[in-house]
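Please open the structure in your viewer and keep the selection tool at hand, since this tour moves from one selection to the next and says what there is to find at each stop.

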Amino acid sequence: MNIILLGPPGAGKGTQAKRLIKEFNLPHISTGDILREAVANQSDLGKEAEEYMNKGELVPDMVVIGIVAERIKEEDCLEGFLLDGFPRTLAQAEALESELQNQNKKIDYVLNIEVDESELIQRLTGRRICQGCGRIFHLVFDPPNETDICDICGGKLYQREDDTFETVKKRLDVYKKQTTSLIQYYDKQGQLINIDGNKQPELVFDEIKGIVGVKN
Ligand code: AP5
């Protein structure tokens with residue numbers, strides 16, 4: 001099963017992705033995570049991407065398309081994959097389509113998580129992530145038991161560099177500009193499934209499971 005998770009920054013793509021990959025045993029391909037790891041390692045890719053990410057802009061299409069085209073060829077993607085944060089532009093969607101055709105694959109579900117803008121800002125500026133296991137917390141909506149410490153592994157929690165108020169506003173603007181045509185693209189193909197992301201994470205996941213199916 002091949003799934004695309006669409007939605008604005010802070011819609012809960014990462015939160016739902018973690019549940020989905022566990023439930024359906026899929027590899028999680030998050031372009032944001034791949035790029036952040038490259039930045040942390042200061043690889044050539046990371047050095048190029050950092051400048052765009054810190055400004056809240058998109059990394060150039062050709063860079064991201066190359067990463068995903070290679071990643072979905074890997075063996076763990078033979079039975080399916082979950083794309084989180086890709087595609088983000090029409091050019092990326094078209095490149096994905098053509099790569100999937102080459103590989104004799106298709107997308108089964110395009111899930112578009114919709115959330116009100118004021119809620120997105122609150123979610124992003126309050127997000128904290130465990131540097132050990134990657135568990136996503138929120139200072140208000142899903143706080144850790146102990147300040148800045150992960151409940152699961154005891155790791156230290158950190159705030160993403162692009163989660164400051166100014167950069168969040170910029171990311172939301174970029175999203176609006178770049179993604180409208182993408183949403184229309186999947187809508188025209190009859191593949192777009194809108195998910196109400198304003199609800200509690202468990203309820204959002206229930207809605208998704210109702211669409212994707214419950215594992216036996
Ligand atoms: P990326 O990492 O993909 O970030 P994003 O799309 O901006 O999305 P986020 O990760 O910020 O949010 P999310 O939807 O995953 O929300 P989360 O579950 O964490 O991209 C970062 C950057 O990388 C981009 O700006 C760009 O520069 C670059 N990039 C990445 N992909 C690219 C591409 N394809 N092309 C070009 N550039 C690319 O939840 C957020 C918070 O809300 C958390 O604290 C969580 O606990 C809380 N929360 C989640 N769900 C709920 C809920 N239902 N109710 C209450 N709180 C909730």
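The stops below take in the ligand and its surroundings, then a pocket, and then a cavity, all in a predicted model.

**Stop one: the ligand and its shell**

Begin by selecting the ligand together with the residues around it, of which there are 35, and then pick out Thr 15, Glu 57, Arg 88, Arg 127 and Arg 171, which come nearest. If you colour this shell by residue class, it divides into 14 nonpolar, 11 polar and 10 charged residues. To see where the shell comes from, show α1 (13-24), α2 (31-41), α6 (117-125) and β6 (136-138), each of which supplies at least two of its residues; the element that gives the most is α2, with four residues.

**Stop two: polar atoms at the ligand**

Now display distances from the ligand, starting with the side chain of Arg 88, where an N or O atom is 2.5 Å from an oxygen atom of the ligand. Move on to Gln 92, whose side chain has an N or O atom 2.9 Å from a nitrogen atom of the ligand. At Ala 11 turn to the backbone instead, since a polar backbone atom there is 3.2 Å from an oxygen atom of the ligand. With these contacts in view, consider how much of the ligand is covered: on its own it has 1000 Å² of accessible area, and the protein covers 96% of that.

**Stop three: the second largest pocket**

Next, select Pro 8, Asn 112, Ile 113, Glu 114, Val 115, Glu 117, Leu 120, Leu 172, Tyr 175, Lys 176 and Ile 183, which line the second largest pocket, with a volume of about 150 Å³. Which elements each supply at least two residues of this lining? They are β4 (109-114), α6 and α7 (165-188), and α7 gives the most, with four residues. By class, the lining has seven nonpolar, one polar and three charged residues.

**Stop four: the cavity**

Finally, look for the one cavity of 30 Å³ or more that the structure holds. The largest cavity has a volume of about 60 Å³, and to outline it you can select Leu 5, Leu 6, Gly 7, Lys 13, Gly 85, Phe 86, Pro 87, Arg 88, Tyr 175, Thr 179 and Leu 182. Two or more of these lining residues come from β1 (2-6), and likewise from α7, which gives the most, with three residues. Coloured by class, this lining shows six nonpolar, three polar and two charged residues.

Conventions:
Residues numbered from 1 in each chain as written. Predicted model: local features only at pLDDT ≥ 70, side-chain atom pairs only at ≥ 80, totals over all residues. Heavy atoms only, no water. Near = heavy atom within 4 Å. Polar contact = N/O pair within 3.5 Å; in protein donor to acceptor, adjacent residues only side chain to side chain. Areas by Shrake-Rupley, 256 points an atom, 1.4 Å probe, with all protein chains shown as cover. Nonpolar A, V, L, I, M, F, W, Y, C, P; charged D, E, K, R; others polar. 1 Å grid on protein atoms, 1.4 Å probe; cavity = no way out; pocket = protein on both sides within 12 Å on 5 of 7 lines; lining within 4 Å. Points joined across faces, edges and corners; volume = space filled by probe spheres on them.
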